[in-house]
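Biologist: I am new to this structure and would like to go through it slowly. Could you show it to me before we begin?

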Amino acid sequence: MEQIAVVKTVLANGMAKIAVERETACGAAHSCSECAGCEKMMTRTENVVTAYNDARANPGDVVKVRSENAAFFKTAAIVYLLPLALLLAFYIAATAAALGGEGMRLLVGALGFVVGVLAAILWDRHMKKVNGLRFHIVEVKRTCSGM
């Protein structure tokens with residue numbers, strides 16, 4: 001996946017802190033910065049991450065950033081799909097075991113959802129710890145004009 005970002009600072013270890021503007025969930029042709037409705041909904045319009053500075057960008061440069069797709073999609077699946085899958089699996093298991101009434105089955109399903117959310121949180125912490133989601137600055141789109 002490729003995105004456009006702005007270099008905030010260059011670190012001594014060949015890395016850079018970059019600010020990636022949050023993409024809109026409203027649609028591709030929509031700009032959240034021009035929409036009062038979206039502005040009220042958003043508390044943070046950019047994400048600051050560390051990226052490999054392969055293009056030797058400087059602070060203020062507008063750059064193209066590429067992320068590694070496999071790790072990104074794996075993480076997205078764990079965070080978004082695992083809680084739902086465990087909710088359904090726990091509910092179906094409770095139904096198959098004829099465990100109490102409908103309320104009890106729903107409670108067991110909710111327990112599966114909580115287990116999935118906890119697994120997603122642990123996965124997120126693991127990925128941060130091992131720098132699992134890697135970003136690379138692949139191209140300087142526009143250099144800083146001395147700001």
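**Salt bridges and helix faces**

Modeller: The structure, which is a predicted model, holds five salt bridges.

Biologist: Which residue forms a salt bridge with Glu 2, the closest N and O atoms being 2.3 Å apart?

Modeller: Glu 2 lies in strand S1 (residues 2–10), and its partner lies in strand S4, so the pair ties together parts that are 64 residues apart in sequence. Glu 2 counts as partly exposed at 40% relative accessibility, and the partner is partly exposed too, with a relative accessible area of 38%. That partner is Arg 66.

Biologist: Is Lys 64 buried or exposed?

Modeller: Lys 64 forms a salt bridge with Glu 139, with 3.4 Å between the closest N and O atoms. This pair links distant parts of the chain, since Glu 139 sits in strand S5 (residues 135–142) and Lys 64 in strand S4, 75 residues apart. Glu 139 is partly exposed, with a relative accessible area of 32%. The relative accessibility of Lys 64 is 19%, and because buried means under 20%, Lys 64 counts as buried.

Biologist: How many residues apart are Arg 105 and Glu 102 in helix H4?

Modeller: The side chains of Arg 105 and Glu 102 meet in a salt bridge, at 3.3 Å from N to O. Both residues lie in helix H4, and their separation is about one turn of the helix, which is three residues.

Biologist: Why are Ala 71, Thr 75 and Ile 78 on the same side of H2?

Modeller: In H2, Ala 71, Thr 75 and Ile 78 are buried. They lie on the same side of H2 because, around the axis, they cover an arc of only 65°.

Biologist: Which exposed residues does the face of H2 turned away from its buried side carry?

Modeller: The buried residues of H2 are covered by elements that include helix H3 (82–96) and H4. On the face turned away from that buried side, the exposed residues are Ala 70, Phe 73 and Tyr 80.

Biologist: What accessible area do Phe 113, Val 114, Val 117, Leu 118 and Ile 121 have together?

Modeller: Phe 113 has its place in helix H4 (residues 102–129), and at 37% relative accessibility it counts as partly exposed. With Val 114, Val 117, Leu 118 and Ile 121, Phe 113 forms a nonpolar patch on the surface, whose accessible area together is about 390 Å².

Biologist: Where does Ala 98 lie?

Modeller: Ala 98 has a positive phi of about 50°, although it is not a glycine. At 57% relative accessibility, Ala 98 counts as exposed, and its place is in the loop between H3 and H4.

Conventions: Residues are numbered from 1 along each chain as its sequence is written. This is a predicted model: local features need pLDDT of at least 70, side-chain atom pairs count only at pLDDT 80 or more; totals for chains, interfaces and linings use all residues. Side-chain values use heavy atoms; hydrogens and water are left out. Patches are made of residues with over 30% relative accessible area and no salt bridge: like charges are joined within 9 Å, nonpolar side chains (Val, Leu, Ile, Met, Phe, Trp, Tyr) within 5 Å. Accessible areas come from the Shrake-Rupley method with a 1.4 Å probe; for residues, only the protein chains shown count as cover. A salt bridge is a side-chain nitrogen of Lys or Arg within 4 Å of a carboxyl oxygen of Asp or Glu. Helices (H or I, at least four residues) and strands (E, at least two) are DSSP runs, numbered from the N terminus. Buried means under 20% relative accessible area, exposed over 50%, partly exposed in between (1.4 Å probe, protein chains only). The arc is that of the directions from the helix axis to the C-beta atoms. Contact means heavy atoms within 4.5 Å.
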